[in-house]
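Trainee: Hey, have you got a few minutes to go through a model with me? I'd like to ask about it piece by piece.

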Amino acid sequence: IVIVEYKREHFESPDGRVRVTLDYDLAFYDQTGKQYLSTSFPHRLPNMFVLEAKGPQGFEEEVKELLYPFAPRMGSCSKYVHGCQQLGLVPSRNYH
């Protein structure tokens with residue numbers, strides 16, 4: 001079991017069509033072998049953030065324009081699975 005901790009900010013386009021969440025300051029706490037939950041000894045990823053955008057079908061181009069000059073990688077991201085990988089509890093996947 002891994003505890004995942006992060007901060008989250010919410011954003012919305014003026015017309016409400018596109019909603020974005022920004023998760024940052026990720027920290028993972030390995031609970032392997034622990035009798036009680038512990039938030040001691042975090043594994044922090046200060047340079048990683050997850051930006052999730054939701055909107056109507058076909059809104060991806062709007063998001064790319066909004067984030068320019070950054071080139072987002074469109075795809076799924078599980079903070080829990082990523083934490084397990086960072087802690088060496090499951091094999092790491094290579095993202096290209």
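Trainee: How far apart are the mean positions of the positive and negative charges of the chain?
Mentor: They are 7 Å apart. The chain has 11 positive and 12 negative charges. Keep in mind that this is a predicted model.

Trainee: Okay, new topic. How many helices and strands does the chain have?
Mentor: There are 2 helices and 4 strands.

Trainee: And what pattern do they follow along the sequence?
Mentor: Reading along the sequence you get β-β-β-β-α-α.

Trainee: Is the chain spread out or compact, set against the globule rule?
Mentor: Spread out. For 96 residues the rule gives 12 Å, and the chain's radius of gyration is 16 Å, well over that, so the chain is more spread out than a compact globule. Along its principal axes, the C-alpha trace spans about 50 × 30 × 20 Å.

Trainee: What share of the residues is buried?
Mentor: Buried residues come to 23% of the 96 in the chain.

Trainee: And how much area does the chain expose?
Mentor: About 7400 Å², with carbon and sulfur atoms supplying 54% of it.

Trainee: Which residues make up the largest nonpolar core?
Mentor: Seven of them, to spell the number out: V2, L26, F28, L45, M48, V50 and C84. As background, nonpolar side chains tend to be buried together in soluble globular proteins.

Trainee: Let's pick one. What does L45 touch, leaving out residues up to four places away in sequence?
Mentor: L45 touches L26, F28, H82 and Q86. Of those partners, L26 and F28 are also listed in the largest nonpolar core.

Trainee: What about contacts across the whole chain: how much comes from residues 24 or more positions apart?
Mentor: Such pairs account for 52% of the contacts with a separation of 6 or more.

Trainee: Switching to the backbone now. What's the phi of D25?
Mentor: It's near 55°, which is a positive value in a residue other than glycine. D25 is found in strand β2, residues 19-30.

Trainee: Why does D25 count as partly exposed?
Mentor: Because its relative accessibility is 33%, and partly exposed covers values between the 20% and 50% cut-offs.

Trainee: Where is F41 found, and what is its phi?
Mentor: F41 is in the loop between β2 and β3 (43-45). Its phi is positive, about 55°, although F41 is not a glycine.

Trainee: Is F41 buried or exposed?
Mentor: F41 counts as exposed, because its relative accessibility is 78% and exposed means over 50%.

Notes: Residues numbered from 1 in each chain as written. Predicted model: local features only at pLDDT ≥ 70, side-chain atom pairs only at ≥ 80, totals over all residues. Heavy atoms only, no water. Rg over C-alpha atoms; globule rule 2.2 N^0.38 Å. Buried < 20%, exposed > 50% of the residue type's maximum accessible area, 1.4 Å probe, protein only. Contact = heavy atoms within 4.5 Å. Areas by Shrake-Rupley, 256 points an atom, 1.4 Å probe, with all protein chains shown as cover. Lys, Arg positive; Asp, Glu negative; His and termini not counted. Charge placed at Lys NZ, Arg CZ, Asp CG, Glu CD. Core = buried A, V, L, I, M, F, W, Y, C linked by side-chain atoms within 4.5 Å.
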